[in-house]
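Reader: Hi! I'm new to reading structures and would love a close look at a single part of this one. Could you walk me through the sheet, and then show me how the rest fits around that picture?

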Amino acid sequence: MTDFISLFQYTFFQNALMASVLISILAAMIGTYIVSRKIVFISGGITHASFGGIGIAYFLGLNPFFGAALFAILTGTSIEWISSKGKVREDSAIAILWSLGMALGIIFVFMTPGYTPNLMSFLFGSILSVGKSDLVIMLVITLFTALFFLVWYRPIIYSAFDPEFSKINGIPVAFFRYAMAVLVALAIVVSIRAMGIILVLSLFTIPQSTAMLFTNSFKRIIPLSILWGWIGSFSGLYIANHFNIPSGAAIIFMLTIQFLVIKGIIVVLEMQKRKK
Amino acid sequence: MSKLLARLENVTAGYNGEPVLKGVSLEIRENDFIGIIGPNGGGKTTMLKVLLGILEPFRGNVDFPTGKINIGYLPQASQIDRSFPISVKEVVEAGLKPDRAWSHHLSKSQKDAAHKLLKEAGMERYYKKPIGELSGGQLQKVLLCRAIVSNPALLVLDEPNTYVDKHFESELHQWLKKLNEKMAIVLVSHDVGTIPSLVKSIACVNGTLHYHPSNQLTTELLKVYDCPIDLITHGHVPHRVLKNH
């Protein structure tokens, strides 16, 4: 434990903690929307397609965040458009964008001359190398998303729950669905920095699943997901340091253990109640 | 004659360039209670979508002679995702429009109106419950509360009888009769067994529309209208036509 506490004096560890705090908040809001609307697969498409943007940005010598954000937003809004038109099989369209993005990413990273960070850090993230500028971007997007949810909570959930009725009732449903597609894309992209393409969706789904063991209200799932996200990431960082294992994987492991333990306790309590 | 609320004029509409409705006209007046019957795929829901303004017709138009009216809508129950984490209270409040255009927050009096309506519907103890805990009939009640909470001039119901038991069905019919004193109602159903006794007039939609200004259905009428219907009951004495015609 003492060696863990001594870590707090290092900037890289302070940054990692700050990143977990911010990403847990952001993923709690966006993840609750994703899980409620059952668009986890769409979010997977957005996540993987963004790799195309990362590859092209590296090749052109630009900031990979902006490349990824551009690709993610284009993918998110295209899928929203495809599903609103209903002419193409939506799941196939997602799979195409998903693999095309990955393919472009691999091609451009391969073609980039000189030094490129290794593929593993894109795929699995590196929360311990998050810098000041990453934190600023995370903070700005988290604050903006929180503000959006506070001001437009009603139209956001109503456009997701029953778009047809909401449209009849005068809510600009298309605006809110596209705006949310952009926010989902941005949230995924900033979180990829810490968790990587393959692991990132865990933050958007596991804390929500744990929260939903306690409540079935959109409003309450968000704060509970923040709490579970924090506990999972802090304990994940702790065991990552203790056993010297990759931090992203450790965080997911802890988030899942947390879910299983709580689910187990609930099942046991219910069985005892039935016996009485 | 009572005030004309809405009018469909020679409407042709459908999906992906394929018309489902062909040249349909219908007038809806104050205090009307129109039952829309017809086979599945005949265009009943398509017509509602045009009336509600969520589907642009290929040809023809929809107008509201007294100005834009407030329409309450009860969608088919199958359209509702019952696992969505939303409470009964939130669903009913979805039927309210905020007083101020720039804000999406409701006033206290609006929230009280939603609460009062649920109380009247006997659903008060489910007020804060998620919709996933409701039975089919209870969910329909909540959705009907959402449709009428803003006191619409016209109430549009799409197949309100599916997924509900007989007990709820009669309760629903009582409720609709009472609501009809305050608002016009258009009710779509493929179940012609119970509709005729409830409504004041009937329209049969099967690509085209045939309006019948009373609630009496005769076999000859149906033959003319080309409405393939299996069973008819109406009036005080049950009168059944069991063969397809």
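Author: Here is a walk through the sheet in chain B, followed by the place where the two chains touch and a few words on chain A.

Keep in mind as you look around that this is a predicted model. Now find the sheet in chain B: it is open and has three strands, in the order β2-β1-β4, with antiparallel pairing. The edges are formed by β2(B), residues 18–29, and β4(B), residues 59–63, and each of these pairs on one side only. If you ignore direction, neighbouring strands here are turned by 15° against each other on average.

Let's zoom in on one of those pairings. Strand β1(B) covers residues 4–15, and its antiparallel pairing with β4(B) runs over four bridges. You can pick out some partners by eye: B:Glu9 sits opposite B:Asn61 of β4(B), and B:Arg7 sits opposite B:Asp63, also in β4(B). While you follow the side chains along, it helps to know that in a regular strand they alternate between the two faces of the sheet.

So what packs on this sheet? Look for helix α1(B), residues 44–51, which touches β1, β2 and β4 of chain B. The direction of α1(B) makes about 125° with that of β1(B). Even so, β4(B) is hardly covered: of its five residues, the number that are buried is zero.

Next, step back to where the chains meet. On chain A, 20 residues are in contact with 18 residues of chain B. Three helices of chain A each bring at least two residues to that side, namely α7 (132–161), α8 (163–168) and α11 (218–243). The largest share comes from α7(A), with six residues. Sort the chain A residues on this side by type and you get nine nonpolar, six polar and five charged.

Finally, a word on chain A itself. An unreviewed UniProt entry places the feature "transmembrane region" at several stretches of chain A, including residues 12–32 and 245–269. In the model, residues 12–32 of chain A are 100% helix and 0% strand, and their end C-alpha atoms lie 29 Å apart. For residues 245–269 of chain A, the span is 92% helix and 0% strand, with end C-alpha atoms 34 Å apart.

Note on methods:
Residues are numbered from 1 along each chain as its sequence is written. Chains are lettered from A and ligands numbered from 1 in the order in which they are written. This is a predicted model: local features need pLDDT of at least 70, side-chain atom pairs count only at pLDDT 80 or more; totals for chains, interfaces and linings use all residues. Two residues are in contact if their C-beta atoms, placed from the backbone, lie within 7 Å. Ala, Val, Leu, Ile, Met, Phe, Trp, Tyr, Cys and Pro count as nonpolar, Asp, Glu, Lys and Arg as charged, and the others, Gly among them, as polar. UniProt positions are given in the numbering used here, feature names are shortened, and annotations may be inferred rather than shown by experiment. Two strands pair if DSSP finds at least two bridges between them. Axes are lines fitted to C-alpha atoms, for helices over the stretch in contact, and angles run from 0 to 180 degrees between N-to-C directions. A residue is buried if 20 or more other C-beta atoms lie within 10 Å of its own, exposed if 12 or fewer, and partly exposed in between; C-beta atoms are placed from the backbone.
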